[in-house]
Amino acid sequence: MDDSMFSLVVFSGTDDKLNAAAVLAVGAAAMGRKVNVFLQYWALDAFRADGILKDHGVAPEAGVDGATLVQQHHGAHWSELFRQAKEIGDVGIHACSLSMEMFGFEVADLDPLVDDQEGVAAFFAEVDGPVTFI
Amino acid sequence: MDDSMFSLVVFSGTDDKLNAAAVLAVGAAAMGRKVNVFLQYWALDAFRADGILKDHGVAPEAGVDGATLVQQHHGAHWSELFRQAKEIGDVGIHACSLSMEMFGFEVADLDPLVDDQEGVAAFFAEVDGPVTFI
Amino acid sequence: MDDSMFSLVVFSGTDDKLNAAAVLAVGAAAMGRKVNVFLQYWALDAFRADGILKDHGVAPEAGVDGATLVQQHHGAHWSELFRQAKEIGDVGIHACSLSMEMFGFEVADLDPLVDDQEGVAAFFAEVDGPVTFI
């Protein structure tokens, strides 16, 4: 059992949640934890090579004011934070095979931040401890 | 402390998140992990005996294209995946008493996939490790 | 590694999810677990001193009927549940520095339930085990 691994299943595809996921990934990597990211559904779609920097919206409860705040906040883009996480630590980013099939994607369609695709069985073969779902 | 138990608090009631939850439950059960599912709010409502197979919508960020993709994807329904998880492993599905009270449900109103109802204290009496919230 | 700590990153700012988070915090505290809450984005906004009791809406899938059910349910408000959790156990509630900066908040702008603000590095210095994201 490796509980020190920080396993993130990222499902949501809005910029606010992707930023929250990236901040946690950077923080965990900086503390020396191995980080394992599994991209599903709308999060996977957000990692498309031709669209990673586009506006992916925010959670509905943000409202117009919240959406404006997120857009005007001058921090690093979440994709840049994931890049930093990979530079400072042991961070793998995997695409969920079922979601890849649903979208009709191949790995080449995704941003190079994504290492590969794998099924849920392979994910759980590596992760035998906690899972954080975002 | 039993960290090998995979504890899922399922709150969201859209078909995409319920499918993600079911895929993780099947994956964990297939790897021999005990799985403990606690249904709250809109997830509980989705398990109603008279409505489990109806269209429960998808996350707002899916948009019309995403919703169509989910509907056209020919995989097993999430209720069938939970059924498979129960067949292959030690998987309990419990309804949160507070949510049951809010909806005015009794256990007989729910799909037979749900084993029983329990309060949050009983949930934490069984779960002393990680919790994944969906 | 302290796996008995229950670490909640609360991101969502709707009343239903905040209530789910508060119920889990109370349950974990009642079972003697240390609870560590980290408020980000819309959850942080919901803890504003001048607005904690206002209507924060519910998840979109609730629909009009679900929203009415949540409003009419006569349970304790989620802020009261967090207060109870702090009374019965060792529960810290911390504001995420990045989100504080985004909103332009200072700790004095927040309800006294919030103990302080901290960065994600400080969060992971305390939390070396599982993380539940809501």
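What pLDDT does chain A average, and what percentage of its residues score at least 70? Chain A averages a pLDDT, the predictor's confidence in each residue from 0 to 100, of 95, and 98% of the residues score at least 70. For the complex, the predictor gives an ipTM of 0.93 and a pTM of 0.95. This is a predicted model, in which local features need pLDDT of at least 70 and side-chain atom pairs count only at pLDDT 80 or more, whereas totals for chains, interfaces and linings use all residues. Residues are numbered from 1 along each chain as its sequence is written, chains are lettered from A and ligands numbered from 1 in the order in which they are written, and side-chain values use heavy atoms, with hydrogens and water left out.

Chain A is superposed on chain B, by least squares on the C-alpha atoms of residues with pLDDT of at least 70 in both, through a rotation of 120 degrees with 0.0 Å of shift along its axis, at an RMSD of 0.0 Å. The two copies are therefore related as by a three-fold rotation axis. For chain C on chain B, the superposing rotation is 120 degrees, with 0.0 Å of shift along its axis and an RMSD of 0.0 Å.

Within chain A, helix 1 (residues 15-30) and helix 4 (residues 78-88) have axes that come within 8 Å and cross at roughly 15 degrees; helices here are DSSP runs (H or I, at least four residues) numbered from the N terminus, and axes are lines fitted to C-alpha atoms over the stretch in contact, with angles running from 0 to 180 degrees between N-to-C directions. That makes helix 1 of chain A roughly parallel to helix 4 of chain A, a term for angles under 35 degrees.

Definitions and conventions: Helix = DSSP H or I, 4+ residues; strand = E, 2+ residues; numbered from the N terminus. Parallel < 35°, antiparallel > 145°, perpendicular 65-115°, else oblique.
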